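Colleague: I am new to this structure and should like to understand the terms used to describe it. May I ask for the grounds of each one?

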Amino acid sequence: SLGARRQVINLEAFGFPAPDPIVGPFNTVDARIGLSQPIVDVRALFDARAAGASARAAAAGVKSARELVVLVAVNLYLEAVTAASRIDVVKAQQETADQLAVQARDLKTAGLVAGLDVVRAEVEVQRLRQRRVAADNAFAKSLLHLGRAIGLPPGQVVRLTDPIPYAPLAEVTLEQALADAYAQRPDYVAARERLTAAEAAHRAATSELLPSLRFDADYGTIGQEGGTAHPTYAVAATVRVPVFEGGRTQARRIETNAVIRQRRAELDDLRGRIDVEVREAMLDVTAAAQELTAADATVALATQALTQARDRFAAGVAGNLEVTQAQEALAAASDARLDVLYRHNLAKAALARAVGTAEQAVTAFLGGSK
């Protein structure tokens, strides 16, 4: 600090009788450095610990929000790549339908099939064209939603380079998943830190009646002008003993104790919810993997049935109705497989979110490259 004063003092007011007790006016210039440091303050110590735990809880809250963003982005991405894969499936079905329509016309020209078979083949071609339009439209809208979610500028063109991912989930036990969730899931970490902050605040309230020790000192120069200034200093140790603060301290103890009970109840509730979420995610992953195996088998059988139906139609043993039914069965099986693959990937992403590692491990869970 740096200060300059002009003052008049009365010596008698300070206990110095004099014939002329009025001194001044005179100038003083004071340049000084001061230090104030608590030496023993238990309440301040626990208040600092409570504030640190609250800061860590806030940081974990940010990480929890990022985990949710990851899950939303992954869901929209999986919807987009699933829609793109559905377009590829419809394209393949269109090619098959076009070939069957040409085959039906050739057989009709040769007099081997009736005109009804040609009409059925043409109807199937048109039906797949409608499906292609719907699939293209769904894919375009999924790209719009994906771009909006990840913050792309409006109208930005998005091009997906990878097909829908698939990888079997590595062996993860339920016990290990739960242990990882309790150790690193951000919202659980935040709840645990909030409980720690509440406990520290309660200890701070309990410590309010304890004495505190503070050290104060200053050093500087003072004089009527800079050339005549003389060094001065002051050193003091202050002990503060609260005497009449028992009522306020008791009220704060009751309040902080209620907060502790609330934070502990929130932590217990979140622990139970995490247990359910992890178990559900594990069940979903297992069920989706089993469904995917069945869906692959269904697609293989439907493909085989279509091949046999085409051969029978080409040999004149069966009509085009059997081929059309086989085409529809293959289309339904392919769509069902894509839906199951989407659910399988989403279940793995949900498991990563339930465990608390979505941001770090979601690409490994899905089987993509990081």
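**Grounds for the description**

Modeller: The chain has seven helices and four strands, where helices (H or I, at least four residues) and strands (E, at least two) are DSSP runs numbered from the N terminus. The model is predicted, so local features need pLDDT of at least 70 and side-chain atom pairs count only at pLDDT 80 or more, while totals for chains, interfaces and linings use all residues. Residues are numbered from 1 along each chain as its sequence is written, and side-chain values use heavy atoms, with hydrogens and water left out.

Colleague: Why is the chain called more spread out than a compact globule?

Modeller: The globule rule, 2.2 Å times the number of residues to the power 0.38, is set against a radius of gyration taken over C-alpha atoms. For 370 residues the rule gives 21 Å, and the chain has 39 Å, well over that value, so the chain is more spread out than a compact globule. Along the principal axes, the C-alpha atoms fill a box of roughly 145 × 45 × 30 Å.

Colleague: What makes Val239 exposed?

Modeller: Exposed means over 50% relative accessible area, buried under 20%, and partly exposed in between (1.4 Å probe, protein chains only). Val239 has 56%, and is therefore exposed. Val239 lies in strand β4 (residues 230-240).

Colleague: Why is Arg264 called partly exposed?

Modeller: Arg264 has a relative accessibility of 36%, and therefore counts as partly exposed. Glu199, with 24%, is partly exposed as well.

Colleague: How do you know that Arg264 forms a salt bridge with Glu199?

Modeller: A salt bridge requires a side-chain nitrogen of Lys or Arg within 4 Å of a carboxyl oxygen of Asp or Glu. The closest N and O atoms of Arg264 and Glu199 are 3.3 Å apart, which satisfies that limit. This pair links distant parts of the chain, with Arg264 in helix α5 and Glu199 in helix α4, 65 residues apart.

Colleague: What separates Asp269 and Arg273 along helix α5?

Modeller: They are separated by about one helical turn, because they are four residues apart in helix α5. Asp269 and Arg273 also form a salt bridge, with the closest N and O atoms 3.0 Å apart. Arg273, at 40% relative accessible area, is partly exposed.

Colleague: Are Asp187 and Arg185 buried or exposed?

Modeller: Both Asp187 and Arg185 are buried. Their side chains meet in a salt bridge at 2.8 Å, N to O.
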